[in-house]
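Dear colleague,

Please find below the structure I agreed to pass on to you. My notes on what was found in it follow directly after.

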Amino acid sequence: TICSLFSYAGFLVVDLGWSPNVDEAGYVAGYLGSALVVGRLFTSVLWGRLADAFGRKPAILLSMAGILIGNIAFGVTKTLHAALIVRA
């Protein structure tokens, strides 16, 4: 989720070298939180239509599987671009 990221995003950005300096780490970390919101902006209607077509339970289960895969992929990314794509 978006909230779990904020507790460690600044440290992650600095440790992986995604920020040119420590002072800009918060700015770069903000991209990670924003990517999730942008991804939801474009897919929320599709999830609603999927739930209407197949029911809420299959849509929720598929959504949870997607979150699982996305979180694992985010955990193994090493570049900022890959992290932004996975978060979206």
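**An exposed phenylalanine and its surroundings**

F42 has a relative accessible area of 61%, and it is classed as exposed because the cut-off for that class is over 50%. Please bear in mind that the model is a predicted one.

F42 belongs to helix α3, which covers residues 25-54. On the surface, F42 joins V38 and L41 in a nonpolar patch. Together, V38, L41 and F42 offer about 340 Å² of accessible area.

As to the fold, the protein chain contains five helices and zero strands. The order along the sequence is accordingly written α-α-α-α-α. The C-alpha trace extends over about 50 × 20 × 20 Å along its principal axes.

Turning to packing, the protein chain has 88 residues, of which 22% are buried. Among contacts in the protein chain with a separation of 6 or more, 50% are between residues 24 or more positions apart.

The surface of the protein chain amounts to about 6,200 Å² of exposed area, and 70% of that area is supplied by carbon and sulfur atoms.

Finally, on charge, the protein chain carries 6 positive and 4 negative side chains. The centre of the positive set and the centre of the negative set are 20 Å apart.

With kind regards

Methods. Residues numbered from 1 in each chain as written. Predicted model: local features only at pLDDT ≥ 70, side-chain atom pairs only at ≥ 80, totals over all residues. Heavy atoms only, no water. Helix = DSSP H or I, 4+ residues; strand = E, 2+ residues; numbered from the N terminus. Buried < 20%, exposed > 50% of the residue type's maximum accessible area, 1.4 Å probe, protein only. Contact = heavy atoms within 4.5 Å. Areas by Shrake-Rupley, 256 points an atom, 1.4 Å probe, with all protein chains shown as cover. Lys, Arg positive; Asp, Glu negative; His and termini not counted. Charge placed at Lys NZ, Arg CZ, Asp CG, Glu CD. Patch = residues over 30% accessible without salt bridge, like charges linked within 9 Å, V, L, I, M, F, W, Y side chains within 5 Å. Salt bridge = Lys/Arg side-chain N within 4 Å of Asp/Glu carboxyl O.
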